[in-house]
Amino acid sequence: MKKLSVGLVLLVFGIYAKAQDSQIKQDSTRRIDEVHVNRMVKKKIETEMKMSVSVDEFLASSENISFIKRGAYAWEPLLNNMSSERTNLTIDGMHIFGACTDKMDPITSYVESNNLSAIDITSGQAGSMHGSTVSGSIDLKRKSTPFSLDPKWSGAYQTGFEWNNKQFFNMGNLSYSDDKFVADGSISFRKAGNYADGHNDEVKHSQYHKFNTSLGMAYKTSPLSALRVDAIFDMAKDVGFPALPMDLWLSRALITSASYKQMFEDGLVKVWDSKIYFNAVEHYMDDTTRPENLVHMDMPGWSTTYGLVSKINLKKDDYASEIQLNAYENVSIAEMRMYPQDRNNRTMFAYSWPWVTTRYVGLSMNNAWEISDKSQVNVGGALGLNYNHAKYVEFNWIFHPGTPQEKTRFLPSLHANYQLNFDSFNFSAGTGYGHRAPSVSEGYGYYIYNSFDRYDYIGNPDLKNEISYEMNASLGFKKEKVGIEVKANYFYIQNYIVGRILNMGSPMNYQSVGVKGYTSLDHATLFNFSIGGHYDILQNLQWKGLLTYARGQDDRGGNLPFIRPLSYQTSVHFTHHKIGFQTSLNGDFTQNNYSPEYGEDKTSSYKIWNVSADYRFNIKNCKAVVQVGAENLWNEYYSTYADWGNIPRMGRNIFTSLKVGF
Amino acid sequence: MKILLFMAALCVVVMSCTKGKTDYEAEIDTVVTEHVEFKEAATVTTNGYHIRIEALNGTFYKGYNEIRLKITNSQTGEISNTSGVTFLPIMTNAMGEHQSCPHRYQLMERSDEKYFSGYAVFTEKSSLDDSWNLYLSLTVNGQTFQVEKSINVQEQANKNLNMTVFTGKDNEQYIIALISPQKPKVSENELLAGIYRYQKPIDNPSGVFPDPTQFSYTEVNGYMLQLDPRMPEPSMGNHSSPNNKDLTQQNDGLYHGVVNYTMTGNWTLNFIMQNQDGQIIKGTVVPDDFTPGIAGAKSDLHIDILF
């Protein structure tokens, strides 16, 4: 199969078969090729070290993802060292927006590893398929069982315990399929107490409780078409954020969709897949467990999104194309109500998101031509229309008098990429150009307290579009036992949006030291570099390594915040019969290029050593795996460059888990 | 279909949020009642004429009151041809001493709207000790007569219409009264205030009581009110707001400025009053320090508001 890309992926409808297998019997269930134009990083939801991971832990194992951590839960993913406003975060192409002004609920916190099948990470403008972006896209793929000829049940149960924070989890999923109907269901519970850092001190307010369940059902309406409905319900309660002055009392999300897929046997159009979706997120913070707080404050937030995704896949000879229409409307509301010390006095109220509506309509396209057996060209682009409306625009007028209530922006995007394979080498080079609109907080946020630099942030509705110019290249070498790949990308981002100290106004939140307004830098540059390799020392003994480097600078050569210092991961994996053993070492070097202007201080280097062992066995017809391991075996006391408030990370943690599947 | 029903039911469950969203309009209404309608506040019938005195909500409040006077023939109900209407409010205390308050003595005729317009800034509410009387004089169809009417002045519940009485460094007595906004918003608000000065009488009282020269107030011209709004609540740490504009006098004689309220609650409008020559008559600078946990400092010239 050709590297990169034009991969054949079986649709939900097809009977289960490997792509290479051409001898599929052609009867009432048919196999249709879906065409993926882009290169995508597909992954199984488990890491090298751990088989039962949270979505965050799983994402962390990807080379271009890093995290801002405010505690043990709901980490904010950074793609290419850029924050989540610059990333297109979707679930099956559906847009969902967190309801917390402090980004305590990235949408990755509303799914669970047992209802996902893969996460597609696309770097840069090539990720504009689902909407405008700068850093790329992260699409969380839901589990969906294919139709089968005979009625079939399958399922899995996972349980585990982690000693450090007494995390206990139970997760189950069950699927049924026959030739007309498919149902997937999952349920999970996680409960964790406070974790202890490398000095064995308890990190207070780091507990969490999470419940997640999902249900999906598909019905085959004809041999070539099917209807599918999906729902995820997620609830987190009593989640501590040690780096913030408040915790989460409750967050809930309902994520629903109904899709219809039609396939075509002949002609240019192969698949037409349309989906309507609705999701609602609510997020309520709680500061009553923090007696040190002078002010009691309620900060509820709501985010509701309706949307449509419609996509067709075209293929003819050496040409393949995806065209996708995205449309959504989101309403984000966040309130703050401060209680005076004398509760008889009047409470103080303001909106931190003054009922901001965002509407987006965009058409995206990706095209691939196989020029020869060895080379391929991908060209794509998107044109989006982004509309914002603030219902209570008078809040924004306080800092930006007379700013219009509505704002419409055009968001064009273009990208091109050339790929070449010869012998054991592969090479790719690409370029991209794209706009993004400011996020709700950047545009309309009002006194949003950022506990990292301790400033209150004010949005600016008149911000210009952020414009990204991007170049990327990769070079790989692959032989039977050895592989090595070097990747680099460079972003020149015009009108880069950051918070700058305002010389007017005064802080509203009592922990805050001043007011910052979102403004545009003339430009910023970002460079990401990674080199990864693997070597099969023996058939059952494999080594893997990865080194990443990034540098981000503003227009005056100053450092951008949250840029990962030089970091490494190296691991050895050994299997013998039913026993597997793996050990890994990872760490960051000292963060020399930190940014005091954005509240950063120098973060020391650290190294973390992990080991784990697993044993596979059968119980009757069920496959079972039991795993025991330890993370941070040296019990290192550390915090990373992106840990909010230098909150120390977890110390030594012993984990055990059991997975039974049938 | 069952599935859809299930989904719909699930939607309803989650759409019913755990905590209700705040109704922003109602939120401001909780402590502020806005009055927009002029209603009868007092009425006198004399010499065959009916004099109707109107104020917002039909009530005289402590602070600034816009006054409308309508004079009709008490038999026919027709608008009478009236001129030279004067208006003088006087308060008498338990000792029998008299004093007035800022007011418009010569009411202005609004012929198109058929009423006489004036105002009074009542400095005290009516009580057992303090009682207010209005002394009116008017000429109807060539006939001039005087009218006295006792009125009831109530406490102003809306703090956004508060007032302050003080003595300036020039030893004059001043009154600052807030006129607008009645119902502020978390927003930019046009701030409107009147500044008045008591005219100390030069001559001894003459003629019949009351002698208007003994009870004279003038609208102060050409002054400036520097504005610095703060939230005095200790937990707010002396919070202020940006983009405020000092109050300066406009053609209507009143002082106009802009105040930004960044959230609902208690606010203090700190003022520094300067005369035409830029000399400070009253008021002190409030420090900018962020002082969480300590009640905010105030200028010695300030008005507290609440919304």
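These are my notebook entries on ring pairs, charged pairs and contact areas in a predicted model.

**Entry 1: the two chains together**

I began with the contact between the chains. I found 48 residues of chain B in contact with 53 residues of chain A. The area buried between chain B and chain A comes to about 4,100 Å², and carbon and sulfur atoms give 66% of that area.

Next I asked: how many salt bridges are there between chain B and chain A? The count is 3. I looked up the partners in two cases.

- A:Arg337 pairs with B:Glu27, and the closest N and O atoms are 2.8 Å apart.
- B:Lys185 pairs with A:Glu394, with the closest N and O atoms 3.5 Å apart. This pair crosses between chains: B:Lys185 sits in the loop between strand S13 (173–180) and strand S14 (188–199) of chain B, while A:Glu394 belongs to helix H2 of chain A.

I also checked how accessible the second pair is. B:Lys185 has 28% relative accessibility and counts as partly exposed. A:Glu394, at 9% relative accessibility, counts as buried.

**Entry 2: salt bridges in chain A**

I then took the salt bridges over all chains, and the count is 34. I picked out two pairs within chain A, plus a network.

A:Arg86 and A:Glu466 form a salt bridge, with 2.6 Å between the closest N and O atoms. Why does this pair tie together parts that are 380 residues apart in sequence? A:Arg86 lies in the loop between strand S4 (76–79) and strand S5 (87–91) of chain A, and A:Glu466 lies in strand S25 (residues 466–478) of chain A, so the bridge joins those two parts. Buried or exposed? I noted A:Arg86 as buried, and A:Glu466 as buried too.

A:Asp273 and A:Lys261 also meet through their side chains in a salt bridge, at 3.7 Å from N to O. A:Asp273 is in strand S15 (residues 269–286) of chain A and A:Lys261 is in strand S14 (residues 247–263) of chain A, so this pair ties together parts that are 12 residues apart in sequence. I have A:Asp273 down as partly exposed, at 23% relative accessibility. A:Lys261 counts as buried, at 10% relative accessibility.

I found a network of salt bridges as well: A:Arg70, A:Glu76, A:Glu85 and A:Lys103 are linked in it.

**Entry 3: charges over rings**

A:Arg70, one of the residues in that network, turned up again here. A:Arg70 lies over the face of A:Trp644, 4.2 Å from the ring centre. In chain B, I saw the charged end of B:Arg68 over the ring of B:Phe38, at 3.6 Å from its centre.

**Entry 4: aromatic pairs**

I searched the whole structure for aromatic pairs and got 47 over all chains. How are the rings of A:Tyr351 and A:Tyr392 arranged? Their centres are 5.1 Å apart and their planes are at 5 degrees, so I logged the pair as stacked. The pair links distant parts of the chain, 41 residues apart: A:Tyr351 is in strand S19 (residues 348–370) of chain A, and A:Tyr392 is in the loop between strand S20 (375–390) and helix H2 (394–397) of chain A. Both A:Tyr351 and A:Tyr392 are buried.

For a second geometry, I looked at B:Tyr261 and B:Trp267. This pair is tilted, with 5.2 Å from centre to centre and 55 degrees between the planes. B:Tyr261 and B:Trp267 are both buried.

Going back to A:Tyr351 and A:Tyr392, I followed the ring pairs outward. They belong to a cluster that also takes in A:Phe349, A:Trp355, A:Phe395, A:Phe399, A:Tyr446, A:Tyr447 and B:Tyr24.

**Entry 5: the two domains of chain B**

Last, I looked inside chain B, which is divided into domain 1 (38–154) and domain 2 (159–306). The C-alpha centres of these two domains lie 26 Å apart. I found 19 residues of domain 1 in contact with 15 residues of domain 2.

The area buried between domain 1 and domain 2 of chain B is about 1,400 Å², and carbon and sulfur atoms give 77% of that area. Which three residues supply more than any other three of the area that domain 1 buries against domain 2? They are B:Tyr64, B:Pro102 and B:Tyr119, which supply 32%. I counted 0 salt bridges between the two domains of chain B.

Key:
Residues are numbered from 1 along each chain as its sequence is written. Chains are lettered from A and ligands numbered from 1 in the order in which they are written. This is a predicted model: local features need pLDDT of at least 70, side-chain atom pairs count only at pLDDT 80 or more; totals for chains, interfaces and linings use all residues. Side-chain values use heavy atoms; hydrogens and water are left out. Rings of Phe, Tyr and Trp (its six-membered ring) pair if their centres lie within 6.5 Å; planes under 30 degrees apart count as stacked, over 60 as edge-to-face and the rest as tilted. Helices (H or I, at least four residues) and strands (E, at least two) are DSSP runs, numbered from the N terminus. Buried means under 20% relative accessible area, exposed over 50%, partly exposed in between (1.4 Å probe, protein chains only). A charge sits over a ring if NZ of Lys or CZ of Arg is within 6 Å of the ring centre and within 35 degrees of the ring normal. Domain bounds come from an automatic or database domain assignment. Contact means heavy atoms within 4.5 Å. Buried area is the accessible area (1.4 Å probe) that two parts lose on being put together, summed over both. A salt bridge is a side-chain nitrogen of Lys or Arg within 4 Å of a carboxyl oxygen of Asp or Glu.
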